[in-house]
Amino acid sequence: MLTLLSYLPRHISRVIVPAAMVLTACMPPSAVQFDEPYAAAPADHAVDWHDYRTKTTTGTQQPPLSSRSHEESPVDTKLTYDLPALVDLALHANPETRVSWEEAKAAAARLEMNRSAWYPTLTAMAFGQYFKNSFPIPGGALVSHGYSSLGSLNLAWTLFDFGRREAMVDAGAQRLSAANFAFNRKHQEIAYRVATGFFAYQAALAKVTAAEQTFEAARAGSASVQAKLEKGLATRPDFLLAIQEQAKASYDLQDTRSLVIQTHADLTSSLGISPSYSLQLIDLNKLPLPAGLVQSVEKIVDQALEQRPDLMARLAELRAREAEVKKARAEFWPKFSLGGSLGNQAWRNVHTNPPGNESYSASNLVGTAMLSVEWTLFDGFERSNAVHEAEARKEASKAQLEALRLEIMRDIWKAYADTKTALEKREFALALLKAAEESYAATQESYTHGFSTVIELLSAQKDLARARYTEIDSRASLLRSAASLVYASGGQSRNAMD
């Protein structure tokens, strides 16, 4: 695979109670798939995420491709950007990468929240009050006042819940994987958009050069006709026809310059920078082109169905919904919990009437411990309907997975056919350009010696202009179709071409 396409993409102590070791031992294996969820999320918004749990991982997580901070200008005015450098720039500057990165970190935080259900809850409570009481007695009233206080630590710990917590952790782990895969696919998407924008912009620049050549040829042609007209060897209609062709070439030149501005704005939008930035880019003619397809479309499809990130994300979402079905079914069973409290209670009471200031105070340690069973026997069929809803969502996820699989196959077949056609059209475009150049040179020489008419000269000039545009379009089309094949396969068809 050519060098520029090979870059697409190159690039994604909480326990405070003495029972910590018991908690870890009680956790099911699925609950500790991500021992450190925050570490399992992507480390940087410009670096692809790698699933360290699988055996197919080819290496550790890459370091950031650049040390530029968000506050610094993302564009290096001294650098001539090739496609890999542009992709690197986009991964750092485009805010969409940070959006998907933050979503992955949010999924890691949700997984941590789900895992907290395995730990006990420890709550501190304090209570205090002042009171004054008056009781009627014979000959007057008994008045007393005082205060009381209570401070305690309360413990609540679910010991067994028939898989509810395990299912929640499983679902959170799968959704973290889905977010990480979606993060990688976003990188591929941005790389693809940058590549297509880069090819379009470079093609527009090349068309400006071709239009300038056509304009110079038209101006030289009109000058030649004018010289013949002055010698009486050409007619005024011939001269006016040449002037008309020169005006048409000038119009086409301005049109291509306008196209450069539009494609530059599209490219900078994909990069995530302002259109006011001026980029120094390599020339389109310096980009290597693929010579041919060396892998079959079936092999590329098989590779894509195994590793394309958005398909893996959809599969992880299906696994998460299967875990939600397990949780919904587990709600029919009881929960066993351990609860307790330990605190100190104090109060003081003073009698102020009748006289004597009799008072008393007390302070004692209070504590409770209990094992409880909670079992909802009837809830108006809420749990049954929750199971039906979870199963329906699971089946919908299955259908979405199958739809995406078919879409991937269609996109790869289409991109493969487009690339194959673009390779063939490239050969014809080169042959057409060569023939048009030779035809124009011969017609120009023939017209100089008076053997061809001005109409034949202008016709050859138009054919050469069209051939130049066709050659530029064929080069850009081949690069775009090859990039589309890489993108459709999820980056797995980099070696599909030589």
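**View 1. A nonpolar patch lies on the surface of this predicted model.** The patch is formed by L159, F160, F162, F332, W333, L338, L371, V373, W375, L377, F378 and F381. Together these residues have about 1,300 Å² of accessible area. Strand 3 (140-160) and strand 6 (359-374) each give two or more residues to the patch.

**View 2. L338 is a member of the surface patch.** L338 sits in strand 5, which covers residues 335-353. Its relative accessible area is 32%. L338 therefore counts as partly exposed, because that class lies between the 20% and 50% limits.

**View 3. The largest nonpolar core holds 37 residues.** L86, F198 and L271 have the most contacts inside this core. Helix 3 (83-93), helix 5 (164-230), helix 6 (236-271) and helix 10 (454-488) each supply at least two of its residues. Helix 5 gives the most, with 13 residues.

**View 4. F198 is shown with the residues it touches.** Leaving aside residues up to four places away in sequence, F198 touches L83, L86, L267, L281, I282 and L287. L86, like F198, is among the residues with the most contacts inside the largest core.

**View 5. A second core is separate from the largest one.** This core has 19 residues. Among them are I300, L318, Y416 and L485.

**View 6. The whole chain gives the setting for the close-ups.** The chain has 498 residues, and 43% of them are buried. Its secondary structure comes to ten helices and six strands. About 26,600 Å² of the chain is exposed. Carbon and sulfur atoms supply 57% of that area.

How values were computed
Residues are numbered from 1 along each chain as its sequence is written. This is a predicted model: local features need pLDDT of at least 70, side-chain atom pairs count only at pLDDT 80 or more; totals for chains, interfaces and linings use all residues. Side-chain values use heavy atoms; hydrogens and water are left out. A nonpolar core is a set of buried Ala, Val, Leu, Ile, Met, Phe, Trp, Tyr and Cys residues joined through side-chain atoms within 4.5 Å. Buried means under 20% relative accessible area, exposed over 50%, partly exposed in between (1.4 Å probe, protein chains only). Helices (H or I, at least four residues) and strands (E, at least two) are DSSP runs, numbered from the N terminus. Contact means heavy atoms within 4.5 Å. Patches are made of residues with over 30% relative accessible area and no salt bridge: like charges are joined within 9 Å, nonpolar side chains (Val, Leu, Ile, Met, Phe, Trp, Tyr) within 5 Å. Accessible areas come from the Shrake-Rupley method with a 1.4 Å probe; for residues, only the protein chains shown count as cover. A salt bridge is a side-chain nitrogen of Lys or Arg within 4 Å of a carboxyl oxygen of Asp or Glu.
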